[in-house]
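Here are some notes to read beside the model, written for someone opening it for the first time. Take the points in order, and keep the 3D view at hand.

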Amino acid sequence: MKSFSALALLLGSLFSQAVMAAENTCDDTTDCIRQGSWDLGIALGYGVKSNPLKDYKDIPIYVLPTVAYYGEKWFFDNGALGYTLTEQERFTLNLVTGFSSDRAYFYRWDPSNIFLAGSSQALQQAPIARTTWELTPPIGPLEERSFTYLGGMEAYIYNRFGTWRVALLHDLFDVHNGMEGQIKWNYHWSHQELSLDFAAFLDWKSQEIVDYYYGVRPSESAYWSLNYQAESGWNSGVEFTARYHMTPEWELLMTARYTRFADTIADSPLLDEDDGYAYLIGAAYRF
Amino acid sequence: MLLPLIALIGQSVAKAAEIKEEALTLSPSLCLVSPDSSRCDIQVTLSWSTPQPVCIELELDELHRWCITEPTQKSLALNISTESDVHFVMRDPTTNQQLAEAVLRVKPLSEPQTRRRFRNPWSIF
């Protein structure tokens, strides 16, 4: 709860300054997009998104599309719909919505996975290993984890050390009534045809979110539903993206992400990994 | 009843042909200005083919007027500095009747507007 209060305080103090009109503040320290036109692209290559769920397969990535549209205030960017309340040289404040990333581990066609095109059978549950029955009681077929959308506010702070993003999001569809807080630092560097992005992030997930996705229901395992108690926790991780622009349309691409799950998530009996990764190496075409 | 109408139409057609014949040509007729400097500084050339002497007028802060008496002179070069469209009018110096007109359009050269992109385009969820 302290974490939530700190995020709310930070966003609130920024909002109180949000009175000036937006201005064109795009420079070479951030990625830029042409206002009022669609940015469509597709990356082809090979990659993997690991799946920490026990007996669930990793997700291969062969295609990675990108779809974005930025108007004067509204924007749509790979599934995130937002409205810019103010954009200044030093900071931006947005109302924003986005998918929850946790459900994507359970369903191949979760909207979060639309932007990862791999095998349609990627998440098919394999038979539960029986060799560990005596040590860990088995878990039956999982109940449905419903789709939901998160909505809230995000703030970007720009300085010479990079871009900071602070976001506070809440479940919009009353599925789990949980909250998520996100803090991310990103450093964008470009020289001639090469551009690099380094990022480190912390994602706070409320007890409701952790319990909804990683908690065990009585129908799944009576034993684990009593013996695993979900709590709120922080995921942490790093990202790296390298792009080399060969022509205005074609670029070579390498992107990777590593996530270390919060202890409370890693302790879930549904998981057999305490971290996750994803990467893609290929070529991208911008239309 | 129809005769006056036909006569009026006939007069209009004849007048249009006369104006076309005495057309005033402006080159260039468009001035593109950059967003950081909205002022247009340009040299334009006005050309005409009418045989009689003419006067050229333009309204730029105040009214300017050049009267060309040399029958062989059929053009006039002018340096213009303006932030808005400029109207040139060619008149008959004896009757002051308007013979033709031309307009220099001033348009801002709009650069594609860009803004920060908030998401990594190739982010893996």
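1. Let us start in chain B. Phe88(B) counts as buried, at 0% relative accessibility; buried here means under 20% relative accessible area, exposed over 50%, and partly exposed in between, with a 1.4 Å probe and protein chains only. Phe88(B) sits in strand E7 of chain B, residues 86–91. Helices (H or I, at least four residues) and strands (E, at least two) are DSSP runs, numbered from the N terminus.

2. A word on what you are looking at. This is a predicted model, in which local features need pLDDT of at least 70 and side-chain atom pairs count only at pLDDT 80 or more, while totals for chains, interfaces and linings use all residues. Residues are numbered from 1 along each chain as its sequence is written, chains are lettered from A and ligands numbered from 1 in the order in which they are written, and side-chain values use heavy atoms, with hydrogens and water left out.

3. What does Phe88(B) touch, not counting residues up to four places away in sequence? Its contacts (heavy atoms within 4.5 Å) include Leu24(B), Leu26(B), Val44(B), Leu46(B), Leu58(B), Leu78(B), Ile80(B) and Leu104(B). Glu59(B) is 29 residues away from Phe88(B) along the chain, yet their C-alpha atoms are separated by 7.5 Å.

4. Now follow the contact to Ile80(B), which belongs to strand E6 of chain B, residues 75–82. Ile80(B) is buried as well, with a relative accessible area of 4%. Leaving aside neighbours within four places in sequence, its contacts include Cys40(B), Asp41(B), Ile42(B), Val86(B) and Phe88(B). The C-alpha atoms of Ile80(B) and Cys40(B) are separated by 7.6 Å, with their places 40 residues apart along the chain.

5. Please turn to chain A. Here twelve strands close into a barrel, in the order E2-E3-E4-E5-E6-E7-E8-E9-E10-E11-E12-E13, with antiparallel pairing. Two strands pair if DSSP finds at least two bridges between them. On average, neighbouring strands of this sheet are turned by 20° against each other, direction ignored; the axes are lines fitted to C-alpha atoms, for helices over the stretch in contact, and angles run from 0 to 180 degrees between N-to-C directions.

6. Some of the strand pairs deserve a closer look. E4(A) (residues 74–77) and E5(A) (residues 80–87) run antiparallel and are joined by four bridges, with Phe75(A) opposite Gly82(A). Two residues lie between these strands in their hairpin, where Asn78(A) takes a positive phi near 45°. E5(A) also pairs with E6(A) (residues 91–99) in the antiparallel sense, over six bridges; Leu81(A) has Thr97(A) as its bridge partner, and a hairpin of three residues joins the two strands. Later in the chain, eleven bridges link E12(A) (residues 250–260) to E13(A) (residues 275–286), where Thr255(A) is partnered by Leu280(A).

7. Which residues of helix H2 of chain A, residues 207–214, are buried? They are Ile209(A), Val210(A), Tyr212(A), Tyr213(A) and Tyr214(A). Because these buried residues fall within an arc of 165° seen down the axis of H2(A), they line one face of the helix; the arc is that of the directions from the helix axis to the C-beta atoms. They pack against strand E9 (179–191), strand E10 (194–205) and helix H4 (263–266) of chain A.

8. Next, the empty space. The structure holds five cavities of 30 Å³ or more, and the largest has about 890 Å³ of space. On a 1 Å grid over the protein atoms alone, a cavity is a set of points where a 1.4 Å probe fits but cannot get out, and a pocket is an open set with protein on both sides within 12 Å along at least five of seven lines; lining residues have an atom within 4 Å of a point. Of the 45 residues lining the largest cavity, Arg165(A), Lys184(A), Phe118(B), Arg119(B) and Ser123(B) lie nearest its centre. E9(A) gives the most to this lining, with seven residues.

9. Finally, the largest pocket is lined by 27 residues, and nearest its centre lie Asp31(A), Cys32(A), Ile33(A), His245(A) and Arg286(A). E1(A) supplies the largest share of that lining, three residues.

Conventions:
Grid points are joined across faces, edges and corners, and a volume is the space filled by probe spheres set on the points.
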